[in-house]
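Colleague: Please take a close look at one strand and what surrounds it.

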Amino acid sequence: MLGIMNSAHTEMNKWAFEQMTFRENMKILDIGCGGGRTIQLLSKQSPNGKIYGIDYSQQAVNNSIKANKRDVATGKVHICQANVIDLAFPNNYFDVATAFQTHYFWPDLENGVKEVYRVLKPEGSFSIVAEVYKINYHMDSYNTKEEIEQCLKRIGFNKITIIENKTKKWICIKGIK
């Protein structure tokens, strides 16, 4: 399944990266790193940066480490098992945080967003990227772009942007701390 996710999400990830701003030396957190393909793509977006991936599943962590073994060996990429509602990173640490096709699996979206906000630097960005039908299918609440936007605003994010790819039915919701 993790391999299928790597293949199936690559095109959406590349589209989402076009909606984001990257610099050469950023600290980036990918929440729900799955099979590791997004980590590979993020590594290319910030050639001199540090990429951190977390996943709740130990199998996903193992696969992601294997898929990124060269960058893990050099210390550019760090991957660990973690829960988004209890991140083991200091305040104001990351420039960018991403959640590709994962936020609807979080045990508590609002507290997860609070943790992401905490670990982002001022002016840091957080992007939620997903297929719209998966949001509608998996979530009882926060299943509209407006509800997700309101959640981000309540936590403190500003400059919220919602970009939709209507052809592919993808959405990228980005908030700036």
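Modeller: Two strands pair if DSSP finds at least two bridges between them; helices (H or I, at least four residues) and strands (E, at least two) are DSSP runs, numbered from the N terminus. By that rule E5 and strand E7 (residues 170–176) pair in the antiparallel sense, over 7 bridges. In this pairing Val129 faces Cys172 of E7. This is a predicted model, in which local features need pLDDT of at least 70 and side-chain atom pairs pLDDT 80 or more, while totals for chains, interfaces and linings use all residues. Residues are numbered from 1 along each chain as its sequence is written, and side-chain values use heavy atoms, with hydrogens and water left out.

E5 itself covers residues 120–131, and 9 of its 12 residues are buried (under 20% relative accessible area, with exposed over 50% and partly exposed in between; 1.4 Å probe, protein chains only). E5 also pairs with E4: the two run parallel and are joined by 6 bridges. Ala99 has Ile128 in E5 as its bridge partner. Together with helix H5 (residues 109–119), E4 and E5 make a right-handed β-α-β unit; right-handed means that, with the strands pointing away from the viewer, the path from the first strand over the helix to the second runs clockwise.

Within H5, what lies over the face of Tyr117? Lys177 does, at 4.8 Å from the ring centre; the rule asks for NZ of Lys or CZ of Arg within 6 Å of the ring centre and within 35 degrees of the ring normal.
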